[in-house]
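Thank you all for coming; I would like to take a few minutes to walk through one model with you. Please have the sequence and the structure open as I talk.

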Amino acid sequence: MSLAQRLLWARRGSAYFARKLNELPDAEFDTPTALPGWTRRHLVAHVGYNARAIARLVDWAETGVENPMYSSPQARAAEIEEGATLSVSALRALAEHAAAHLDVSWRDLPEDRWNAEVRTAQGRLVPATETPWLRAREVWIHAVDLGNGGSFVDFPPDFVDALLADIISLWHRKGQGPALLLRPDDRDAEYRVDIDGEKPRVVRGSSVDLARWVSGRGVGDLKADGGELPELGRWL
Ligand code: ZN
């Protein structure tokens, strides 16, 4: 996928998240989300701080001076806990300003710096061209996590395909089971996680339901050959 495509997904996803956030009444920020231990306050703070963290990677690519997303997983968690105590208007402003700032960082990154390598929060070295993808995943999926009507069915179809490919290839690379063969019934494609000595479990359904399932956001209408859906490991 091209850089232009990734930037488009990130920008459309950011607009989608902003729309869902605008539709969320102030009084509903304290409600828990499906993410363990997180209310919507935590989630909104996280999405804002994530934009800042990715902007640090863009800055790193531009200057060549290491500027990690977070100084440590503990620091990331502490920042989110503290952010969750902000007022609702401050949380809204954080999400909006951080997203706008990130957009400007991408716009201003010189063309010859896009291939500079930076490190993701998972420790992977990637070129800066990967940063819009990292952000796109966050904003689209967390818009669903907000829990006020966001849905995978609203995702751009080519983004759904890229998400499926991304998660499955990550598990495949890491050798993280179970062995899987995903067969979307609305695409001419298949996705496999091969594990030595393990017969892959075949799972069928729409691309949207498969993407929802592998990203840990519910089962939808999927069918596994031989009965029950296999238990999945973590993605991120
Ligand atoms: Zn996240």
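**Salt bridges, the domain interface and helix α6**

Let me begin with one pair of charged side chains: D103 forms a salt bridge with R11, and the closest N and O atoms of the two are 2.6 Å apart. Because D103 lies in helix α4, residues 88-108, and R11 lies in helix α1, this pair ties together parts that are 92 residues apart in sequence. Both partners fall into the intermediate class of accessibility, D103 being partly exposed with a relative accessible area of 29%, and R11 counting as partly exposed at 34%. I should say at this point that what you are looking at is a predicted model, and I would ask you to keep that in mind throughout.

How many salt bridges does a search of the whole structure find? The number is 16, and I will pick out a few more of them. E190 forms a salt bridge with R183, with the closest N and O atoms 3.1 Å apart; here E190 counts as partly exposed at 38% relative accessibility, and R183 counts as partly exposed at 32%. D186 forms a salt bridge with R187, the closest N and O atoms being 3.6 Å apart, and in this pair D186 is partly exposed with a relative accessible area of 39%, while R187 is partly exposed with 27%. Through salt bridges that share partners, R183, E190, R192 and D194 are joined into one network.

Let me turn now to the domains. The protein chain is divided into domain 1, covering 3-150, and domain 2, covering 156-224, and the C-alpha centres of these two domains lie 25 Å apart. Across the boundary, 12 residues of domain 1 are in contact with 9 residues of domain 2. The size of an interface is often given as the accessible area lost when the parts come together. For domain 1 and domain 2 that buried area is about 950 Å², and carbon and sulfur atoms give 68% of it. Which residues of domain 1 lose the most area to domain 2? They are W9, W133 and I141, which together account for 52% of what the domain 1 side buries.

There is also a polar side to this interface, since the count between domain 1 and domain 2 is 2 salt bridges, alongside 4 residue pairs in polar contact, counting pairs in which both residues are at pLDDT 80 or more. As for the elements involved, those that give two or more residues to the side of domain 1 that touches domain 2 are α1 and α5, and α5 gives the most, with 7 residues.

A further salt bridge to look at is that between R217 and D145, where the closest N and O atoms are 2.7 Å apart. R217 appears again among the contacts of R212, a residue that lies in helix α7. Is R212 buried or exposed? With a relative accessible area of 16%, R212 is buried, and, leaving aside neighbours within four places in sequence, R212 is in contact with S151, F152, V153, R217, G218 and G220.

A second arginine deserves the same attention, namely R137, which is found in helix α5 and is buried, with a relative accessible area of 6%. The side chain of R137 makes a polar contact with the side chain of D166, at 2.8 Å. Again leaving aside neighbours within four places in sequence, R137 is in contact with F159, L163, D166, W235 and L236.

That brings us to helix α6, whose buried residues include F159, L163 and D166. What covers the buried residues of α6 includes α1, α5, β3, β4 and α7. We can also check the geometry of α6: at 1.5 Å a residue, its 18 residues should span 26 Å, and the end C-alpha atoms are 26 Å apart, so the two values agree.

Finally, please look just past the end of this helix. α6 is followed by G175, whose phi is positive, near 65°, and the loop between α6 and β3 is the place of P178. Within that loop, the peptide bond that joins G177 and P178 is cis, with omega about 0°.

Note on methods:
Residues numbered from 1 in each chain as written. Predicted model: local features only at pLDDT ≥ 70, side-chain atom pairs only at ≥ 80, totals over all residues. Heavy atoms only, no water. Helix = DSSP H or I, 4+ residues; strand = E, 2+ residues; numbered from the N terminus. Expected span 1.5 Å × (residues − 1). Buried < 20%, exposed > 50% of the residue type's maximum accessible area, 1.4 Å probe, protein only. Contact = heavy atoms within 4.5 Å. Domains from an automatic or database assignment. Buried area = accessible area lost by both parts, 1.4 Å probe. Salt bridge = Lys/Arg side-chain N within 4 Å of Asp/Glu carboxyl O. Polar contact = N/O pair within 3.5 Å; in protein donor to acceptor, adjacent residues only side chain to side chain.
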